[in-house]
Amino acid sequence: MTQTVPAVDYLVLGDSPHLVARECGHCGALYFDRRNACAKCSQTTFAARPLSNEGVVRAYTIVQRGAKSGPFTSVVVDLDGGGVVKANLVGITDPDRIQPHTKVRLVTFEAGTDDEGTVAVAFGYEPIGA
């Protein structure tokens, strides 16, 4: 049986893939990485908080690395209900198809397979209604 693992520890796979942040119990600041203390208020209590799968593009850039690899679009997404995440916009590299405030939703995809057959699953975003 093929095993799948998330490419990052804040991606939850399953029937409804989503991101989970660590929320400061005092001020509500959100973090994807492990924290000993909140960078905003210095408190040390955190809880897991599922984040919305939808949001809007705050900013974007189209990146081209060398002649052999195709371009990709990197976006910063303001998630509905709070949280900000940087990811790639899946399958969109035409600047006429992406603008700030474009509504997007989380998608997952296979990022690669190791020698033992374990599949790494990553996430990105796609425009809603595209």
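Modeller: A residue is called buried when its relative accessible area is under 20%, and exposed when that area is over 50%. The structure to which we apply this is a predicted model.

Biologist: Is Thr102 buried or exposed by that rule?

Modeller: Thr102 has a relative accessibility of 19%, and it therefore counts as buried. Thr102 lies in the loop between strand 8 (84-89) and strand 9 (103-113).

Biologist: Which residues is Thr102 in contact with, leaving aside its neighbours within four places in sequence?

Modeller: Thr102 is in contact with Gly55, Val56, Val57 and Pro127. Val56 and Val57 also appear among the residues that Val76 touches, again not counting residues up to four places away in sequence. The other residues touched by Val76 are Arg58, Ala59, Val84, Val85 and Lys86.

Biologist: Where is Val76 found, and what is its relative accessible area?

Modeller: Val76 is found in strand 7 (residues 72-79). Its relative accessible area is 24%, so Val76 is partly exposed. As for spacing, the C-alpha atoms of Val76 and Pro50 are separated by 18 Å, and these two residues are 26 residues apart along the chain.

Biologist: Let us turn to backbone angles. What sign does phi have in most residues other than glycine?

Modeller: In most such residues phi is negative. Ser42 has a positive phi, near 70°. His101, which is not a glycine either, has a positive phi of about 80°.

Biologist: Where are Ser42 and His101 placed?

Modeller: Ser42 is in the loop between strand 4 (30-31) and strand 5 (46-50). Ser42 counts as exposed, at 53% relative accessibility. His101 is in the loop between strand 8 and strand 9, and at 64% relative accessibility His101 counts as exposed.

Biologist: How should cysteines be read, and how many disulfides does a search of the whole structure find?

Modeller: The test is whether two cysteine sulfur atoms lie within 2.5 Å. The search of the whole structure finds zero disulfides.

Biologist: Why does Cys24 not form a bond with Cys41?

Modeller: The sulfur of Cys24 is 3.6 Å from that of Cys41, its closest cysteine sulfur, and this is too far for a bond. Seen from the other side, the closest cysteine sulfur to Cys41 is that of Cys24. As to accessibility, Cys24 is buried, with a relative accessible area of 3%, whereas Cys41 is partly exposed, with a relative accessible area of 21%.

Biologist: How does one read aromatic rings, and how many aromatic pairs does the count come to?

Modeller: Two rings pair if their centres lie within 6.5 Å, and planes over 60 degrees apart count as edge-to-face. By this rule the count comes to four aromatic pairs. One of them is formed by Tyr10 and Phe123, with 6.1 Å centre to centre and 70° between the planes, an edge-to-face arrangement. This pair links distant parts of the chain, 113 residues apart: Tyr10 is in the loop between strand 1 (4-6) and strand 2 (11-12), and Phe123 is in strand 10 (residues 119-127).

Biologist: What is the geometry of the rings of Phe123 and Tyr125?

Modeller: Their centres are 6.1 Å apart and their planes stand at 90°, so this pair is edge-to-face. Phe123 counts as buried, at 11% relative accessibility, and Tyr125 is buried too.

Biologist: Which residues form the aromatic cluster?

Modeller: Tyr10, Phe32, Phe123 and Tyr125 form one aromatic cluster.

Definitions and conventions. Residues numbered from 1 in each chain as written. Predicted model: local features only at pLDDT ≥ 70, side-chain atom pairs only at ≥ 80, totals over all residues. Heavy atoms only, no water. Buried < 20%, exposed > 50% of the residue type's maximum accessible area, 1.4 Å probe, protein only. Helix = DSSP H or I, 4+ residues; strand = E, 2+ residues; numbered from the N terminus. Contact = heavy atoms within 4.5 Å. Phe/Tyr/Trp six-rings, centres within 6.5 Å; stacked < 30°, edge-to-face > 60°.
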